[in-house]
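Please work through the exercises below with the sequence and the model in view. Each task is followed by a worked solution.

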Amino acid sequence: MNQVNWRGLVGAPGITDAERQQLTTIVTEMVATPEWAATVARNQWQESFLTGEEFEVFITEEQQSIADLLKELGLA
């Protein structure tokens, strides 16, 4: 099993669709910068940038994976 240490940015509950789109645009523009590319290289990260439904699916799958692991370990 690969060990992964991922990060995510989430908005506060109740933000509007326009606010969500604005935040998504800001972060999308940020990850396209040379500074971000340099940070990814310097830290030897494997970049996997997800937004919207793709990110929601990823989070759902991660939650299920953790729940399964906790159950397997007898902790849930």
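The exercises go from the whole chain to single residues.

The model is predicted: local features need pLDDT of at least 70, side-chain atom pairs count only at pLDDT 80 or more, and totals for chains, interfaces and linings use all residues. Residues are numbered from 1 along each chain as its sequence is written, and side-chain values use heavy atoms, with hydrogens and water left out.

**Exercise 1. Overall form**

Determine which elements the chain has and how spread out the chain is.

Step 1. Helices (H or I, at least four residues) and strands (E, at least two) are DSSP runs, numbered from the N terminus. The chain has three helices and zero strands, in the order α-α-α from the N terminus.

Step 2. The radius of gyration, taken over C-alpha atoms, is compared with the globule rule, 2.2 Å times the number of residues to the power 0.38. The chain has a radius of gyration of 16 Å, well over the 11 Å that the rule gives for 76 residues, so the chain is more spread out than a compact globule.

Step 3. The C-alpha trace spans about 45 × 35 × 15 Å along its principal axes.

Step 4. Buried means under 20% relative accessible area, exposed over 50%, and partly exposed in between (1.4 Å probe, protein chains only). Buried residues make up 5% of the 76 residues.

**Exercise 2. A nonpolar patch**

State which residues form the nonpolar patch on the surface, and place Leu-73.

Step 1. Patches are made of residues with over 30% relative accessible area and no salt bridge (a side-chain nitrogen of Lys or Arg within 4 Å of a carboxyl oxygen of Asp or Glu). Like charges are joined within 9 Å, and nonpolar side chains (Val, Leu, Ile, Met, Phe, Trp, Tyr) within 5 Å.

Step 2. The patch consists of Ile-66, Leu-69, Leu-70, Leu-73 and Leu-75, with about 470 Å² of accessible area together, by the Shrake-Rupley method with a 1.4 Å probe, where for residues only the protein chains shown count as cover.

Step 3. Leu-73 lies in the segment after helix H3 (52-72), and is exposed at a relative accessible area of 54%.

**Exercise 3. Two single residues**

Describe the setting of Trp-6 and the backbone of Gln-44.

Step 1. Trp-6 lies in the segment before helix H1 (17-31) and is partly exposed at 35% relative accessibility.

Step 2. Trp-6 and Ser-48 are 42 residues apart in sequence, and their C-alpha atoms are 8.9 Å apart in space.

Step 3. Gln-44 is in the loop between helix H2 (34-42) and H3, and is exposed at 73% relative accessibility.

Step 4. Gln-44 has a positive phi of about 55° although it is not a glycine. Most residues other than glycine have a negative phi.
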